[in-house]
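Please have a look at the sequence and the structure below. The briefing that follows covers salt bridges and one helix.

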Amino acid sequence: MENEQETLSYEQAYNELRQIIDRLENSDVNIDVLTKEIERAESLLDFCNKRLSQVEVDVQKLTKRLEDFDEQNADLAE
């Protein structure tokens, strides 16, 4: 999934993960297929968690920059 991560969006990964979960919950799955589905689901879950973590870091950085900007403008206004 390493190369795929470059082109896979969070939404695509999440949707595929939901589809796998639905299949696992709603049907009898052959053990070989089950193993592959679980491995794929774990990979997708890892990808989604990493993307969410990165977005959280990015939002924190942006928030800090905006706070710093507001402080600088407040100092100039005085």
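**Salt bridges and helix H1**

The count comes to 4 salt bridges, a salt bridge being a side-chain nitrogen of Lys or Arg within 4 Å of a carboxyl oxygen of Asp or Glu. This is a predicted model, in which local features need pLDDT of at least 70, side-chain atom pairs count only at pLDDT 80 or more, and totals for chains, interfaces and linings use all residues. Residues are numbered from 1 along each chain as its sequence is written, and side-chain values use heavy atoms, with hydrogens and water left out.

**Salt bridges between helices H1 and H2**

- Glu16 pairs with Arg40 in a salt bridge whose closest N and O atoms are 2.7 Å apart.
- This pair links distant parts of the chain, since Glu16 lies in helix H1 and Arg40 in helix H2 (residues 31–77), 24 residues apart. Helices here are DSSP runs (H or I, at least four residues), numbered from the N terminus.
- Glu16 is partly exposed, at a relative accessible area of 25%. Buried means under 20% relative accessible area, exposed means over 50%, and partly exposed is in between (1.4 Å probe, protein chains only).
- Glu37 forms a salt bridge with Arg23, and here the closest N and O atoms are 2.7 Å apart.
- Distant parts of the chain are linked by this pair too: Glu37 is in helix H2 and Arg23 in helix H1, 14 residues apart.
- Glu37 is buried, with a relative accessible area of 13%, whereas Arg23 counts as partly exposed at 38% relative accessibility.

**A salt bridge within helix H2**

- Lys64 forms a salt bridge with Asp68, with the closest N and O atoms 2.9 Å apart.
- Lys64 and Asp68 are separated by about one helical turn, because they are 4 residues apart in helix H2.
- Lys64 counts as partly exposed at 45% relative accessibility, and Asp68 counts as partly exposed at 27%.

**Helix H1: length and faces**

- Helix H1 (residues 10–26) has 17 residues, so at 1.5 Å a residue it should span 24 Å; its end C-alpha atoms are 24 Å apart, which agrees. The expected span is 1.5 Å times one less than the number of residues.
- The buried residues of H1 are Ala13, Leu17 and Ile20.
- These buried residues cover an arc of only 60° around the axis, so they lie on the same side of H1. The arc is that of the directions from the helix axis to the C-beta atoms.
- Glu11, Glu25 and Asn26 are exposed on the other side of H1.

Note on methods
Helix = DSSP H or I, 4+ residues; strand = E, 2+ residues; numbered from the N terminus.
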